[in-house]
Amino acid sequence: MTTKQPSSDSAVKHRHRPEGPQRHIVVFVFSVVLTLIAFAAVAAGGINATFAIILLLVMAVLQVFLQMGFWMHLKDKGHMLPIIFMLGGFFIAGTSIIMALYWVWWD
Amino acid sequence: MTTAHAEAEGGTLPHEPEKATLEGRNKVLAFWLFLGGEAVLFGTLFATFLALRNQTNEGPSAAELFHLPLVALATLLLLVSSLTSVFAIQAMHRGNIAQLRNWLLVTVLLGLGFLILEIYEFSVYIRHEEFGMTTSAFSSAFYTLVGFHGAHVAFGIMWIAVLIGQLMHKGLTVVTAPKIYVSAMYWHFIDVVWVFIFTVVYLLGKVG
Amino acid sequence: MAHAAQSLHPSQPLKPGHSAKRHTGLMDWITTVDHKKIAILYLWAGGLFFGIGGLEAILIRIQLIKPMNTFLDAQTFNELITMHGTTMIFLGVMPVIFALMNAVIPLQIGARDVAFPFLNSLGFWTFLFGGLLLNLSWVMGGAPDAGWTAYTPLSGKGYSSTHGVDFYTIGLQIAGLGTLIGGINFLATIITMRAPGMSFMRMPMFAWATFITSAIILFAFPAVTVGLVLLTFDRILDANFFNVAGGGNPVLWQHIFWIFGHPEVYILILPAFGIISEVIPTFSRKRLFGYSSMVFATILIAFLGFMVWAHHMFTTGLGPVANALFSVSTMLIAVPTGIKIFNWLFTMWGGQVRFTTPNLFAAGFIPTFTMGGVTGVMLASAPADFQFHDTYFVVAHFHYVIVGGLVLGLFAGLHYWWPKMFGRMLSEALGKWTFWTFIIGFHLTFFVQHFLGLMGMQRRVFTYLPNQQFDLLNLVSTVGAFLMGVGMIIFLVNIFLTSRRPADAPNDPWEDGRTLEWTIPSPPPEYNFKQTPLVRGLDAFWKEKMAGAKAMTPAEPVGSIHMPSATILPFMMSVGIFIAGLGFMFSRDEFNNSIMSFLFNNYIVTALGLLITFGSMLMRSLFDDHGWHIEPEELEGR
């Protein structure tokens, strides 16, 4: 992080082979399927509300995991700090959402 | 442009030109930090929406209002545009400027399609459903959350369009590459936010 | 970073060093991207707003000097307390914090500049124009009057019909943008720009404090951005977020405000902790006791800081479960804070302590801040808080942590780093006068307020009836406030007298400097380090001194140094956003003048402002900044 050897770039260039599109197309297909499941579950109607919430959130989180991991390269090495800061952001976002769900209205 | 092309094809650019300079690496890192902050921004907007989602003030409710096919189409457009921006970055890593430009163009056009759908949706709500910013707390929260996302899309479109221009003018260099990479990160993030919007706002709104 | 000079710039023709356009005078300050000059800009701007906030405080205390006083009317008093709190926190102390961060952090980590010099400048100018916008309210129809927390519905249109609160929402929005930019810049700087050998666990504590503070800024400011947007929309676009009649909920504002607001107080205090952790070891001639526990405690405080916001809302009626939860999490913060207090004490214990002015402030900080912390634990107890809430006990508490903690810390830091920033030592005699008048005045002002609160005097009342045992204590409090004012004036005199003396401070004016900033001239040259130093341990300079070396071992040969170009674009972008904010604020007003109506009601002013901002952004994107180089021959010459 604090040192950069001029030679390291060329080393990287030789080691890396440009990756093909296959993996990203697989992620895309998964995303479409997850989205379809979510839309279909709601469009079919008559779904139990609690079950729907759990199912839809799981679909959304899975899709976000896939896209951030593969498309935004968070699964690649050298991404520890981005992961820490994204998790930090999601964590604070989560606390605000808990606030909104439990501590705004009186029963 | 020809020189830039030769530069890329000739292999003087490293495999990941966005990370070739300290400036480039700083830019990518700082953009990640910024996205961490954006996560809180949208998290707070989601929190506001969730707190006020049932406060319809005798105006239309989510279940009455939303039209799923339109949302599904918008979702598809944005999802595909996220994939095309992956392809753009892959083309950049291969040093193929023409493909990079084309994929960025497709991304921008898909984003434009999404934006037009959203404007159409809002105008239908305002004109035919009597559902405006001032109708209810639910409407205010809906327009603010979805509108913030739409504003991000609009900014992304302009940003990537400017970058396409720079790419054609300056070529692919260690200065332009980080900009393109970062704009792709931004675009993916917009899609990630939309995943939560269609889930939490539209689908769960329909469930009630 | 050592390699900025060698970084790849293929598109950049190799030019000799003198091609850079040099600005002078005012233009130099407006266009500078040098972190050391931006530090000075932050200091003067922060000092200006601090002075305004201080005058507001004096006016408040004059009004409260005796019962049934008629010096101010209730409306003016409300405006004054609102602007005092808002100005002091957002426009007074935060810029001074940023001044010290800018002046010191790149030097402490052995860097030639911050990661984003352009953004650094942008952060300053957006802060300044946000602050100016907020203070324009005094002459444009009345200042905000709903308290610095702007609780709805008080801050809603129904109760606050002037533009005061609009100035608050839009002014803070713009200033907050600058803070967020600054935070991201410092995070990236500390992550990527450290000198070779300086691992995270070899960073000076002030650098750690800056790092953690910036992370809190990153996660807290977006929340207030949203809160301010919602309030702006409620007030200008007639949205219903906090409007009960439209289905909204005022408590939501309190939550969003405090989800930001509580971390904000840690944004304020952590840099002070960092400063104290630099000053005490230097003047004890000992390394900081428990360095790693200090780092851990800082991170823990930051984390817990996000988990306690509802302790500001115990009396809102969140219910016993939430109140208990937030009580416990609040009290937990006492643990890492206590670790810090004891670490400072153990650092001094057995050290060769010299009570220079910075160390006096640091030594004064410890007991004063501890008192504020103890009342904090008292307030954290939810049942007791029902008695304390909205009384002067709370006012005393937060002034003990913010003034007794942060401001004493800033004084320590300013006296400590003044020779590094300006090349001149502040007078020690006047500095000690500043310390004694300020700290005695401080305790006179606020110690008695604990008892006023316990006896039932509410905060934010513009006057009170006689014979409630409030009279004498309020008089004492006002006398103390004037004494604090005297301390500030002595400080200003000290600055003025010092500025007339020659700039002759040596590299290491305190002679016991431990960190890298003391290895280079005072003030440093614009490139900071001729050769990036090699860091061989915590307290890098002290380690070399103990090894018998007079200077740092360089990590690179003398070479050409790449510098960023000065630019006016950050200034232009901030002017644009200022115009846009002003235009949006008045977009729904009725004007007597048809041209004005046309310009404002059709959002033309807003659009014009945004055009300037986005146009400048476009310019920045289109025209690459290749920077310029300082060549080795020039370095030898200096």
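This briefing walks through the chains of a predicted model, the contacts between them and a few backbone details.

Local features here need pLDDT of at least 70 and side-chain atom pairs count only at pLDDT 80 or more, while totals for chains, interfaces and linings use all residues; side-chain values use heavy atoms, with hydrogens and water left out. Residues are numbered from 1 along each chain as its sequence is written, and chains are lettered from A, with ligands numbered from 1, in the order in which they are written.

**Chain B: overall build**

- Chain B has 7 helices and 0 strands; helices (H or I, at least four residues) and strands (E, at least two) are DSSP runs, numbered from the N terminus.
- Read from the N terminus, the elements of chain B run α-α-α-α-α-α-α.
- Along the principal axes, the C-alpha atoms of chain B fill a box of roughly 65 × 30 × 25 Å.

**Chain B: what the UniProt record says**

- An unreviewed UniProt entry gives residues 29-206 of chain B the annotation "domain: Heme-copper oxidase subunit III family profile". UniProt positions are in the numbering used here, feature names are shortened, and annotations may be inferred rather than shown by experiment.
- In the model, residues 29-206 of chain B are 85% helix and 0% strand, with end C-alpha atoms 39 Å apart.
- The unreviewed UniProt entry also places "transmembrane region" at residues 29-50, 70-91, 103-120, 140-164 and 185-205 of chain B.
- Among these spans, residues 29-50 are 100% helix and 0% strand, and their end C-alpha atoms lie 31 Å apart.
- Residues 140-164 of chain B are likewise 100% helix and 0% strand, with 35 Å between the end C-alpha atoms.

**Chain A: annotated spans**

- For chain A, UniProt (unreviewed entry) places "transmembrane region" at residues 25-45, 51-71 and 83-105.
- Residues 25-45 of chain A are 95% helix and 0% strand, and the end C-alpha atoms are 30 Å apart.
- Residues 83-105 of chain A come to 87% helix and 0% strand, with the end C-alpha atoms 34 Å apart.

**Chain C: overall build**

- The secondary structure of chain C comes to 20 helices and 2 strands.
- Chain C has a radius of gyration of 25 Å, which agrees with the value near 26 Å for a compact globule, because chain C has 638 residues. That radius is taken over C-alpha atoms, and the globule rule is 2.2 Å times the number of residues to the power 0.38.
- The C-alpha atoms of chain C fill a box of roughly 70 × 65 × 50 Å along the principal axes.

**Where chain B meets chain A**

- This contact (heavy atoms within 4.5 Å) takes 50 residues from chain B and 50 residues from chain A.
- The area buried between chain B and chain A is about 4,200 Å², with carbon and sulfur atoms giving 81%. Buried area is the accessible area (1.4 Å probe) that two parts lose on being put together, summed over both.
- B:His15, B:Trp32 and B:Leu79 lose the most area to chain A within chain B, together 16% of what that side buries.
- There are 0 salt bridges across the interface of chain B and chain A; such a bridge is a side-chain nitrogen of Lys or Arg within 4 Å of a carboxyl oxygen of Asp or Glu.
- Helix H2 (22-52), helix H4 (68-94) and helix H7 (176-207) of chain B each supply at least two residues of the side that touches chain A.

**Where chain A meets chain C**

- Here the contact takes 18 residues from chain A and 32 residues from chain C.
- The buried area is about 2,100 Å², of which carbon and sulfur atoms give 77%.
- Helix H4 (residues 80-102) of chain A gives the most to the side that touches chain C, with 9 residues.
- The count between chain A and chain C is 0 salt bridges.

**Backbone details to look up**

- Most residues other than glycine have a negative phi, and most peptide bonds are trans.
- A cis peptide bond joins C:Thr152 and C:Pro153, with omega about 0 degrees, and C:Pro153 lies in the loop between helix H4 (117-136) and helix H5 (164-192) of chain C.
- The bond from C:Ser522 to C:Pro523 is cis too, with omega near -10 degrees; C:Pro523 lies in the loop between helix H15 (471-499) and helix H16 (540-546) of chain C.
- B:Glu58 is not a glycine, yet has a positive phi of about 65 degrees; B:Glu58 lies in the loop between H2 and helix H3 (62-65) of chain B.
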